[in-house]
Amino acid sequence: MNHTLVQENETAVLRLRGELDALSCPELRPVLDGLVQDGRQRVTVDLSELRLIDSSGVGAMVSLYKRVRANGGDVRFVGVTAQPLVIFKLLRLDRAFELT
């Protein structure tokens, strides 16, 4: 899994590529923690190049969503397709998350 984090206007955009699984989540956790600790109010997670997500990856996304929302912020997930979209729908996260 590769990731990039950029600031676009007032929105932090996190782009994920490859596979977000139990092996790659520990590498991503400090980035997610940093977004929350910095008090980011607008976060967009671009999953358009993510091929696979497992329960660890879903847990990381749910954790980010909950923590940013608890601080009054907003998280959007964009480009959700293929296997990640199937998993989000299976878990009914498409009803909780803003997916575009």
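**Walking through a five-strand sheet**

Let us start at the far side of the sheet, where Arg76 stands opposite Glu98 in strand E5. This is a predicted model, so local features need pLDDT of at least 70 and side-chain atom pairs count only at pLDDT 80 or more, while totals for chains, interfaces and linings use all residues. Residues are numbered from 1 along each chain as its sequence is written, and side-chain values use heavy atoms, with hydrogens and water left out.

Now step back and look at the whole protein. It has 3 helices and 5 strands (DSSP runs numbered from the N terminus, H or I of at least four residues for helices and E of at least two for strands). Following the chain from its start, you read the pattern β-β-α-β-α-β-α-β. The C-alpha atoms fill a box of roughly 30 × 25 × 20 Å along the principal axes.

The strands form an open sheet with mixed pairing, in the order E1-E2-E3-E4-E5. Its edges are E1 (residues 2-8) and E5, each of which pairs on one side only. Strands are said to pair if DSSP finds at least two bridges between them.

Begin at the E1 edge. E1 and E2 run antiparallel and share 7 bridges, and Gln7 has Ala12 in E2 as its bridge partner. The hairpin that these strands form has 2 residues between them, and in it Asn9 takes a positive phi near 55°.

Moving inward, the sense of pairing is parallel for E2 and E3, which are joined over 8 bridges. Here Leu20 faces Ile53 in E3. To get from E2 to E3 the chain passes through helix H1, and the three elements make a right-handed β-α-β unit (with the strands pointing away from the viewer, the path from the first strand over the helix to the second runs clockwise).

The next neighbours are E3 (residues 42-53) and E4 (residues 74-78), which pair in parallel over 5 bridges. You can follow this pairing residue by residue: Arg42 lies opposite Asp74, Val45 opposite Phe77, and Asp46 opposite Val78. Helix H2 completes another right-handed β-α-β unit with E3 and E4.

That brings us back to E5 (residues 98-99), which pairs with E4 in the parallel sense over 2 bridges. Helix H3 (residues 82-90) lies between E4 and E5 in the sequence, and the trio makes a right-handed β-α-β unit as well.

What do H1 and H2 do beside each other? The axes of H1 (residues 25-37) and H2 (residues 55-70) come within 10 Å and cross at roughly 5° (axes are lines fitted to C-alpha atoms, for helices over the stretch in contact, with angles from 0 to 180 degrees between N-to-C directions). The two helices are therefore roughly parallel to each other, a label for angles under 35 degrees, with over 145 being roughly antiparallel, 65 to 115 roughly perpendicular and the rest oblique.

On the H1 side, the residues that meet H2 are Cys25, Leu28, Arg29, Leu32, Asp33, Leu35 and Val36. Their counterparts in H2 include Gly57, Ala60, Met61, Leu64, Arg67 and Val68. Contact here means heavy atoms within 4.5 Å.

Which strands does H1 touch where it packs on the sheet? They are E1, E2 (residues 11-20) and E3, and the helix direction makes about 170° with that of E2.
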